[in-house]
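Here is a short tour for anyone meeting this structure for the first time. Keep the view open and follow along as we go from spot to spot.

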Amino acid sequence: MRVIGAVNWVGLYTLTAREIGRFMKVKGQTISAPVISALLYYLVFSVAIGDHASGVPGVSFLQFLAPGLIIMSVAQNAFANTSSSLVIAKVQGNIVDVLMAPLSAGEFTVAYMAGGVARGLVVGAASAVTLLLLIPMPVQHPFHALFHAVSGSMMLALLGLIGGIWADRFDRLAAAQNFIILPLTFLSGTFFSVHQLPPEWQFLCHANPIFYMIDGFRYGFAGIADADIHLGAAVVTLTNLALLTIAYVMLRTGYKLKS
């Protein structure tokens, strides 16, 4: 008889490995497709705008654009992994198999989050290799790039976990992704510097935690930032702690899972 300690490491590893294996089995859909989407965005903008000024001194538009496309791919795929996994399990009725396992709410949260982070980072790495072949640029601050890639994928993975718990059907999940996640990602400086916006729009961008994720990641590559880099790191960290708490409470109480 196996004795489970304070942390069920075997169960935690098994669920994490399942979540990673789930997206690795369909690499063409979960990895190749997002990379091609990022490449198409890059090609469209390079043809339509070219390598003209980005509005940021010392950085061309394509050098400004590439990090935004990479972190956008990271964010969208981290969200998609956790949210789709939960909704599929709920629709197919096999969510009970996970809930009956000897896993605590914390272990459940960490395992699903780790799966989302893994997919986000894999897609981000593949996108970075592809785009940097087209526009070589040095990573000026590797620590900041890695920190915001990991913390950003954690943020969207946790949002996906919360969305997956909340959504009962795929149409609700699609609505959350199309009307909340995509606008927050697209309007947070992915394609432009927020300094080019009117003051009231700049305020809205600075109120969005995803903006700091994108801004910090771009700083890691290009060495430029629209906001204080340390403030941004603090906002991203506090947002992750808040989302982690919300996801844990939802799982601990069984919200829309055990009732």
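## The largest pocket

In this predicted model, 14 residues line the largest pocket, and those nearest its centre are Phe 79, Leu 159, Ile 180, Ile 181 and Leu 184. The pocket's volume comes out at about 210 Å³. Rolling a probe the size of a water molecule over the atoms is what shows where empty space is left.

Which helices supply at least two residues each to that lining? They are α6 (142–166), α7 (170–186), α9 (209–222) and α10. Keep α10 in mind, as the next stop is on that helix.

## Val 236 on helix α10

Helix α10 covers residues 229–253, and Val 236 is part of it. Is Val 236 buried or exposed? Its relative accessibility is 0%, so Val 236 counts as buried.

Now for the company it keeps. Leaving aside residues up to four places away in sequence, Val 236 touches Ser 151, Met 155, Pro 209, Tyr 212 and Met 213. Gly 152 makes a nice illustration of how the chain folds back: Gly 152 and Val 236 are 84 residues apart in sequence, yet their C-alpha atoms are 7.4 Å apart in space.

## Two stops on helix α3

Helix α3 runs over residues 61–92, and Val 74 sits in it. With a relative accessibility of 2%, Val 74 counts as buried because the cut-off for that label is under 20%. Setting aside residues up to four places away in sequence, Val 74 is in contact with Gly 120, Gly 124, Ala 149 and Ser 153. For a sense of scale, take Glu 200: it is 126 residues from Val 74 along the chain, and 28 Å separates the two C-alpha atoms.

Ser 85 belongs to helix α3 too. A relative accessible area of 4% makes Ser 85 buried. Apart from residues up to four places away in sequence, its contacts are Arg 18, Glu 19, Arg 22, Ala 80 and Tyr 112. Two of those names, Arg 18 and Glu 19, come back in the next section.

## Salt bridges

How many salt bridges does a search of the whole structure find? The count is 6. One of them joins the side chains of Arg 18 and Glu 19, with N and O 2.7 Å apart. The partners sit in rather unlike surroundings: Arg 18 is partly exposed at 39% relative accessibility, whereas Glu 19 is buried at 0%.

Another salt bridge pairs Lys 90 with Asp 168, and here the closest N and O atoms are 3.9 Å apart. Lys 90 is in helix α3 while Asp 168 is in the loop between α6 and α7, so this pair ties together parts that are 78 residues apart in sequence. Lys 90 counts as buried, at 18% relative accessibility, and Asp 168 is partly exposed, at 34%.

Then there is Arg 169, which forms a salt bridge with Asp 171; their closest N and O atoms are 3.2 Å apart. Both ends of this one are partly exposed, Arg 169 with a relative accessible area of 42% and Asp 171 with 46%. Elsewhere, salt bridges with shared partners link Lys 90, Asp 168, Arg 172 and Lys 256 into one network.

## Lys 256 and its backbone

Lys 256, a member of that network, is found in the segment after α10. The residue is partly exposed, with a relative accessible area of 24%.

What is the phi of Lys 256? It is positive, about 60°, although Lys 256 is not a glycine. For background, most residues other than glycine have a negative phi.

## A nonpolar patch on the surface

Last stop: the outside. Ile 36, Leu 40, Leu 43 and Leu 134 make up a nonpolar patch on the surface, and together they have about 360 Å² of accessible area. Helix α2 (residues 27–48) gives the patch its largest share, 3 residues.

Ile 36 is a handy place to start looking, and its place is in helix α2. At 48% relative accessibility, Ile 36 counts as partly exposed, because the exposed label needs over 50%.

Note on methods:
Residues are numbered from 1 along each chain as its sequence is written. This is a predicted model: local features need pLDDT of at least 70, side-chain atom pairs count only at pLDDT 80 or more; totals for chains, interfaces and linings use all residues. Side-chain values use heavy atoms; hydrogens and water are left out. Helices (H or I, at least four residues) and strands (E, at least two) are DSSP runs, numbered from the N terminus. Buried means under 20% relative accessible area, exposed over 50%, partly exposed in between (1.4 Å probe, protein chains only). Contact means heavy atoms within 4.5 Å. Patches are made of residues with over 30% relative accessible area and no salt bridge: like charges are joined within 9 Å, nonpolar side chains (Val, Leu, Ile, Met, Phe, Trp, Tyr) within 5 Å. Accessible areas come from the Shrake-Rupley method with a 1.4 Å probe; for residues, only the protein chains shown count as cover. A salt bridge is a side-chain nitrogen of Lys or Arg within 4 Å of a carboxyl oxygen of Asp or Glu. On a 1 Å grid over the protein atoms alone, a cavity is a set of points where a 1.4 Å probe fits but cannot get out, and a pocket is an open set with protein on both sides within 12 Å along at least five of seven lines; lining residues have an atom within 4 Å of a point. Grid points are joined across faces, edges and corners, and a volume is the space filled by probe spheres set on the points.
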